[in-house]
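Here's a protein model to look through together. Have the sequence and the 3D view ready, and follow along as the names come up.

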Amino acid sequence: PPPHPACALGLLLHSLGTNTSVKLLDLGRNQLSLNYVQQEHLDEFERNPSLVYLLLDDNRLVVDEETSETFGRFMGSLPANLSVLDIGMTGIDSFQTEAICDSVDTHPNLTCLLLAENLLSVDSCARLSRMIRESQHLRYLVLSHNQFWDNGSRILAQGLRSNNSLLALRLDRNGMGRAATDIVSAIVQNIDSSIRYLDLRANKLDTATLTSVYQQLQKSQLKCALTDYDE
């Protein structure tokens, strides 16, 4: 019989090893867990020379203290050539932020990181902001549907004032209000910014905030989605 989803992930990671044919691995929506992932699995996984896209969205990766620790080791074992990592809807919270950002810092080929619909909060934002500020290679960052609110969003804005690598940023559904003006201002006023698309939809933007954002956008080439009517 096939292995139970709870232990399948470790076997899958181990099987990659020196496999040179797999470039895209979509394991999303499979109830996979880190419970039975061992260090030997991760050691083999790290050796993989070909994997470019790894999609693990909508799994139960982090459910307790043990899997949180394993998640940190998993992030440190990403293959060197990995470019796209989707770990949205996997139970990640602020305790895993350091491991995520450290992995981005040490994997220069990682250009697209998707962290949507997790439990990241204001406590995550200082480290995320530093990653944004220092990254020279991350092009696409998806932080949709977390819990940053205004306080966390303002901290993220600090990193955006110095970033010169991002092309697109999604911050929709984060409970953001007036801090949207700080986010847009940080991008527009950063002469080195490469961001061309910003998603702020489904936040708590009042009329004054929308007016301020629209005024700033008139001076910029930045495309910003503010409502569901924006593409």
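Which residues does Phe74 touch, not counting residues up to four places away in sequence? Phe74 touches Leu13, Leu42, Phe45, Leu54 and Leu56, where contact means heavy atoms within 4.5 Å.

A quick word on the ground rules. This is a predicted model, with local features needing pLDDT of at least 70 and side-chain atom pairs counting only at pLDDT 80 or more, while totals for chains, interfaces and linings use all residues. Residues are numbered from 1 along each chain as its sequence is written, and side-chain values use heavy atoms, leaving out hydrogens and water.

**The core**

Back to Phe74. Along with Ile87 and Leu143, Phe74 has the most contacts inside the largest nonpolar core, which has 62 residues. A nonpolar core here is a set of buried Ala, Val, Leu, Ile, Met, Phe, Trp, Tyr and Cys residues joined through side-chain atoms within 4.5 Å. Buried means under 20% relative accessible area, exposed over 50%, and partly exposed in between (1.4 Å probe, protein chains only). Helices H1 (5–16), H2 (39–46), H3 (65–75), H4 (97–106), H5 (125–134), H6 (149–160), H7 (179–188) and H8 (207–217) each supply at least two residues of this core. The largest share, six residues, comes from H7. Those labels come from DSSP runs numbered from the N terminus: helices are H or I with at least four residues, strands are E with at least two.

**Sheet and helices**

Now for the strands. Eight of them form an open sheet in the order S1-S2-S3-S4-S5-S6-S7-S8, with parallel pairing. Two strands pair if DSSP finds at least two bridges between them. At the edges are S1 (24–26) and S8 (223–225), each pairing on one side only. From one strand to the next, the twist averages 5°. To zoom in on one pair, S6 (residues 168–170) and S7 (residues 197–199) run parallel and are joined by three bridges. Leu169 stands opposite Leu198 in S7.

Next, two helices. H3 and H4 pack at an angle of about 5°, with their axes 9 Å apart. That makes H3 roughly parallel to H4, a label for angles under 35 degrees, while over 145 is roughly antiparallel, 65 to 115 roughly perpendicular and the rest oblique. Axes are lines fitted to C-alpha atoms, for helices over the stretch in contact, and angles run from 0 to 180 degrees between N-to-C directions. Where they meet, Phe71, Gly72 and Met75 in H3 face Ala99, Ile100 and Ser103 in H4.

**Loops**

Three loop residues are worth finding in the view.

| Residue | Loop | Relative accessibility |
|---|---|---|
| Arg29 | between S1 and H2 | 52%, exposed |
| Glu117 | between S4 (112–114) and H5 | 42%, partly exposed |
| Arg201 | between S7 and H8 | 19%, buried |

Most residues other than glycine have a negative phi. Arg29, though not a glycine, has a positive phi of about 60°, and Glu117 has a positive phi near 55°. As for Arg201, leaving aside its neighbours within four places in sequence, its contacts include Arg170, Asp172 and Asp228.

**Cysteines**

How many disulfides does the structure hold? Zero, a disulfide being a pair of cysteine sulfur atoms within 2.5 Å. The sulfur of Cys112 is 15 Å from the closest cysteine sulfur, in Cys101, so that is too far for a bond. For Cys125 the closest cysteine sulfur is also in Cys101, 10 Å away and too far for a bond. Cys112 is buried at 13% relative accessibility, and Cys125 is buried at 0%.
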